[in-house]
Amino acid sequence: MARGRKPDPDVDARIRQAAVTLLASKGTRFTMDEVAAAAGVGRASIFRRYSTKRDVLLDALALALDAQVPQTPDTGSLEGDLTVIVNQTLAGWHSPGLARTTKEIFGEAGRDPAVAEVIRTAMRDKRKRDWAIFDRAIARGEMPADTDPWLLADMLVGLVVYRGLIDLPQPEPQQIVQALLHGFTP
């Protein structure tokens, strides 16, 4: 016969939501006591589910990144779809709190391979969901069939992330898309 109580899914959900909320508001500086208080549970409830704060952080980060994934746009043109994606990516950098937390988490990714893997997986999953954009663009004749969608997606989002991480002004979305699609030559 099993000992103890069965895990309560409501408590699990409250703990996870509290961790995501604290990650968004405090970055990686939240404590297990803060998670417990925000979830309305004792520390023991947290440690029954997570061995370490790092485990809580990894789970919260994965949940937060998944929640940040908007619908894949379908504006009827490659340029329109890419402009929507750039606007979505820029939105996070225009929020000072979210930008600060993003920088902190990317810094943590440089120190912790597990954090880097959570970010890499979330970004790759989002890019895969956007493949429909490229399939439609190829079908409309807007892109050659041999276009490397990974390279295109990385260049599109990578520029915004890079500039956000080092506090460079962001170009207008249309500038980014035009440069990506047409380059800098006349």
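## Salt bridges and helix packing in a predicted model

Visitor: Is Lys26 buried, partly exposed or exposed?
Guide: This is a predicted model, and its values are computed from the atoms. The relative accessible area of Lys26 is 27%. Buried needs a value under 20% and exposed a value over 50%. Lys26 therefore counts as partly exposed.

Visitor: Which residue meets the side chain of Lys26 in a salt bridge?
Guide: The distance to look at is the one from N to O, which is 2.5 Å here. A salt bridge requires the nitrogen and the oxygen to lie within 4 Å, so the pair qualifies. The partner has a relative accessibility of 24% and is partly exposed. It is Glu34.

Visitor: How many salt bridges does the structure hold?
Guide: The bridge between Glu34 and Lys26 is one of them, and the bridge between Asp12 and Arg49 is another. The count for the structure is 17.

Visitor: How many residues apart are Asp12 and Arg49?
Guide: Asp12 and Arg49 form a salt bridge, with their closest N and O atoms 2.2 Å apart. Asp12 sits in helix 1 (residues 9–26) and Arg49 in helix 3 (residues 43–49), so the pair links distant parts of the chain. Along the chain, the two are separated by 37 residues.

Visitor: Are Asp12 and Arg49 buried, partly exposed or exposed?
Guide: Asp12 has a relative accessible area of 25%. Arg49 has a relative accessibility of 28%. Buried would need under 20% and exposed over 50%, so each of these residues is partly exposed.

Visitor: What secondary structure makes up 75% of residues 31–50?
Guide: UniProt, in an unreviewed entry, places a "DNA-binding region" at these residues. In the model the end C-alpha atoms of the stretch are 13 Å apart. Strand accounts for 0% of the stretch, and the 75% is helix.

Visitor: Which residues are joined into one network by salt bridges that share partners?
Guide: Asp74 bridges to Arg136, with the closest N and O atoms 3.3 Å apart. Asp74 lies in the loop between helix 4 (53–67) and helix 5 (78–94), while Arg136 lies in helix 8 (residues 131–139), 62 residues apart. Asp74 is exposed at 53%, and Arg136 is partly exposed at 22%. Salt bridges with shared partners make one network of Asp74, Asp81 and Arg136.

Visitor: Are helix 6 and helix 7 parallel, antiparallel, perpendicular or oblique to each other?
Guide: Helix 6 (residues 96–111) and helix 7 (residues 113–129) have axes 6 Å apart and pack at about 120°. Their crossing is left-handed. Residues that meet include Ile105 and Phe106 in helix 6, and Ile119 and Met123 in helix 7. Roughly perpendicular covers 65 to 115 degrees and roughly antiparallel starts over 145, so the two helices are oblique.

Visitor: How is helix 1 placed relative to helix 6?
Guide: The two axes come within 7 Å and cross at roughly 100°. An angle of 65 to 115 degrees counts as roughly perpendicular, so that is how helix 1 lies to helix 6. Where they meet, helix 1 supplies Leu23, Ala24, Ser25 and Lys26, and helix 6 supplies Arg100, Thr101, Glu104 and Ile105. The placement is roughly perpendicular.

Visitor: Is Thr101 buried or exposed?
Guide: Thr101 is in helix 6. Setting aside neighbours within four places in sequence, Thr101 is in contact with Leu23, Ala24 and Gly27. The relative accessibility of Thr101 is 4%, and the limit is under 20%, so Thr101 counts as buried.

Conventions. Residues are numbered from 1 along each chain as its sequence is written. This is a predicted model: local features need pLDDT of at least 70, side-chain atom pairs count only at pLDDT 80 or more; totals for chains, interfaces and linings use all residues. Side-chain values use heavy atoms; hydrogens and water are left out. UniProt positions are given in the numbering used here, feature names are shortened, and annotations may be inferred rather than shown by experiment. Helices (H or I, at least four residues) and strands (E, at least two) are DSSP runs, numbered from the N terminus. Buried means under 20% relative accessible area, exposed over 50%, partly exposed in between (1.4 Å probe, protein chains only). Axes are lines fitted to C-alpha atoms, for helices over the stretch in contact, and angles run from 0 to 180 degrees between N-to-C directions. Angles under 35 degrees count as roughly parallel, over 145 as roughly antiparallel, 65 to 115 as roughly perpendicular and the rest as oblique. A crossing is left-handed if the near helix is turned anticlockwise from the far one by less than a right angle, and right-handed if clockwise. Contact means heavy atoms within 4.5 Å.
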